[in-house]
Amino acid sequence: MTLRDVSRIRLERRLERSRAAAFAIPLLSLILASVFGGILLTLAGANPFETYRAMLVGAFGSRYAISETFVKAIPLMLAGLGVSIAFRMLFWNIGAEGQLAMGAFAAAGTALFIVPHIPPGLALPLVIVAGFVAGAAWGIIPALLKAWVGVNEIITTLMMNYIAILWIEYLFYGPWKDPQGYGFPGTAEFPAVAWLPRLANTRVHLGLLIAIVAAAFIWLVLSRTKWGYEIRVIGENPVAARYAGISTARNIILVMLLSAGLAGLVGMAEVAGVSHRLQKGVTVGYGYTAIIVAWLAKLNPWAVLVVAFLLAGLLVGGDQIQITMGLPASMALVLQGIILFLVLGGEILTQYRIRLARPAPAPRPTDAEGAPS
Amino acid sequence: MTTATITQALPAEIRRSRITGVVLLAIGLAIFLLFGLGLEGGLTTKFGMNPGVGSQALRIPDVTVPTAATIYLLSAVSVFLGAVQVARGFKRAGVVIGLVATFFVIAFLAWAARGKSFNLVGILSSSVVRATPIALAALCGVMSERAGVVNIGIEGMMLMASQAAVVSASLTANLWIGLVAAILTGALLAAVHAYLAIRFKVDQIISGVAINIFATGATSYISSRFLERNVDLLNNPGIFKPIAIPLLSKLPILGPIFFENTIIVYLMMILVAILHVVLFYTPWGLRTRAVGEHPKAADTLGVNVFKVRYVNVILGGAIAGIGGAYFTIGSAGRFDEVMTAGKGFIGLAAMIFGKWTPIGSFLASLLFGFADSLQVKLQILRVPIPSEFLLMAPYIVTMIVLAGIVGRASAPAADGTPYEKN
């Protein structure tokens with residue numbers, strides 16, 4: 001093919017999204033991503049087939065592996081659900097990371113300083129509620145600024161991430177640091193009554209159930225209630241929503257309460273379900289990965305659960321190849337990035353079709369100029 | 001602005017002006033209550049006016065002030081300005097706010113360094129250096145958002161550029177090649193963002209987040225796989241040395257702050273000036289702003305909306321690339337994982353604080369750079385304020401600014417919206 005032939009390839013907008021393409025293209029992107037990743041692995045001097053096998057085994061190959069993948073998936077599920085409901089109405093909540101930090105802070109504060117003074121039966125509900133409320137409270141600030149003053153939420157939610165992360169760092173490096181912790185940056189261990197119950201001998205905790213319930217709740221709200229209808233209208237056509245008398249301001253506030261509250265639950269689940277203390281490493285980017293989860297899942301709550309599980313598998317598998325193959329764990333992040341870009345590219349193909357333009361019937365004047373006469 | 005045509009102040013404006021006055025009064029009182037109360041008498045604070053050894057600047061005497069009297073005076077003047085603002089209102093309230101904020105900082109420093117000395121010029125010159133990546137990120141943001149494309153991938157662009165700089169400078173033993181590599185890397189990632197956002201109207205937030213995640217993964221991978229094992233070959237480029245500008249560097253105070261810097265700092269300052277002129281005094285700048293505010297109108301007038309957006313986003317990425325080079329070949333001399341540490345995001349905050357103008361962004365970056373160096377300095381002075389709180393300052397200030405207390409900052413009207421030609 002000559003260069004001019006290539007220039008005849010054109011993208012045309014599809015009038016209707018084809019259903020087959022909507023399924024085939026993400027799959028194709030995934031396969032292409034594996035090929036690209038394989039090339040990178042080969043360049044890095046590793047056998048791609050062995051590496052992929054090690055990743056799969058590491059993530060899904062045993063009961064233990066699957067349970068570890070679930071442990072990583074829970075925060076992605078909850079945060080992904082939270083982010084997706086806000087994105088539904090085009091409210092760009094980039095602040096899940098900060099909201100989960102505040103959820104972790106409130107859950108830890110409750111578990112350390114309130115739980116010892118209340119009946120044990122109340123401990124767990126109170127810790128869970130504290131996580132939700134703190135996340136929601138942190139998220140309500142950008143929501144109010146957007147609803148009342150019209151401040152762009154992308155920047156405010158982003159800024160508030162840093163404030164929240166620095167705040168919890170201050171706590172576990174400073175006043176809340178465990179005096180018996182040998183200088184380790186973290187609080188003392190929570191009383192056992194404040195731990196989320198675990199599933200039969202694994203590290204999988206109650207958070208999984210919370211995530212499934214949350215997905216069902218969001219699905220019900222979106223498909224069966226007037227509120228969900230309003231959210232969808234605002235997301236699809238803000239102008240129509242205004243003419244229909246739907247209050248955007250009220251919905252922004254309500255949706256952010258839910259969105260940020262769910263992110264708060266992530267922080268709660270991480271400290272009360274996994275580490276049993278507030279420590280360094282609560283904020284490892286789940287809030288940002290959640291954005292990708294929500295987007296890959298096309299904002300569908302059930303799909304969020306599935307995508308979160310698969311991405312968690314990629315991360316756990318990445319940790320495994322570090323141990324078994326001696327490859328850096330960040331390989332998983334690279335693969336995640338490649339998949340992301342290819343799915344972004346694939347998304348284009350669900351909206352456009354590639355068309356070869358018909359050869360021009362007569363040579364154009366520009367062609368004649370260069371031709372010998 | 002419209003205020004010029006309105007002869008009578010609106011009630012809302014009066015209310016805002018009163019609120020500003022109350023805030024000023026509160027700051028004035030806070031200066032007294034926080035720093036003035038319970039101060040031992042007879043203490044002095046010495047403000048150093050000379051940089052460290054090795055500077056070419058003419059030496060001038062350091063300033064020694066009585067701590068308590070200084071704080072009382074600053075508090076009184078702030079309260080007075082606040083009272084005038086409440087009663088009558090200043091024409092340029094922004095200037096007064098800036099002044100009182102500066103008083104607060106000086107009072108704080110006088111208190112923090114009571115009975116000791118504090119090198120004022122030293123901290124100001126390190127503020128400029130630390131402001132450099134923030135300002136470059138902000139300029140990248142200004143370019144692309146003025147043309148209507150939101151870019152939250154700046155952080156990732158800087159990160160990849162910083163690594164590209166280290167590797168190519170180490171391999172070729174030439175820092176300039178490293179700088180060029182950083183610029184190209186930034187531009188390349190920006191081109192990806194532009195292509196996705198402009199041509200295919202992929203959501204700009206998603207595209208930006210994807211760039212950040214990809215950059216974090218790719219740089220960490222390359223770092224742990226290659227750089228750490230071949231430090232001498234790949235991760236040991238050296239750094240640009242400061243260049244003293246003849247004559248100007250001899251100026252006391254200003255010389256060490258602005259004219260004894262590395263090429264990257266100078267590039268930043270030059271770019272601020274160039275972008276200011278380009279954006280507000282050239283046809284290209286007019287087109288850029290038109291495309292960011294009302295692309296349809298610009299299109300009708302024959303402006304190629306897509307071309308303007310592509311060029312701005314990609315050149316913005318090149319500027320972010322220079323910001324990336326700062327981290328490695330401009331200061332640290334090696335690459336560390338995620339070493340940009342959120343500076344790209346602070347740059348976005350600086351852009352907003354600076355109301356989407358190059359000079360405003362630069363001044364905001366200086367403020368953030370100052371907070372950054374203050375934080376380091378105060379740890380040395382053993383001031384009992386946790387460093388985390390000082391690190392929070394830029395973000396809190398941005399939130400306050402955004403909330404509209406210090407005047408409204410509003411984005412270009414078409415910011416973030418893809419243009420659909422029909």
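**Exercise 1. Describe how chain B is divided and how its domains meet.**

Step 1. An automatic or database domain assignment sets the bounds: chain B has domain 1 (11-115) and domain 2 (133-405). The model is predicted, so local features need pLDDT of at least 70 and side-chain atom pairs pLDDT 80 or more, while totals for chains, interfaces and linings use all residues.

Step 2. Taken over C-alpha atoms, the centres of domain 1 and domain 2 of chain B are 31 Å apart.

Step 3. Count contacts (heavy atoms within 4.5 Å). In chain B, 15 residues of domain 1 touch 16 residues of domain 2.

Step 4. Find the buried area, the accessible area (Shrake-Rupley method, 1.4 Å probe) that two parts lose on being put together, summed over both. For the two domains of chain B this is about 1200 Å², with 73% on carbon and sulfur atoms. Gln56(B), Leu58(B) and Phe108(B) supply 33% of the area that domain 1 buries against domain 2, more than any other three residues.

**Exercise 2. Decide whether Leu27(A) is buried or exposed, and place it in chain A.**

Step 1. Residues are numbered from 1 along each chain as its sequence is written. Leu27(A) is in helix α2 (residues 19-43), where helices are DSSP runs of H or I with at least four residues, numbered from the N terminus.

Step 2. Apply the cut-offs: buried is under 20% relative accessible area, exposed over 50%, partly exposed in between (1.4 Å probe, protein chains only). Leu27(A) has 53% relative accessibility and therefore counts as exposed.

Step 3. Compare the whole chain: buried residues make up 53% of the 373 residues in chain A.

Notes
Chains are lettered from A and ligands numbered from 1 in the order in which they are written. Side-chain values use heavy atoms; hydrogens and water are left out. Helices (H or I, at least four residues) and strands (E, at least two) are DSSP runs, numbered from the N terminus.
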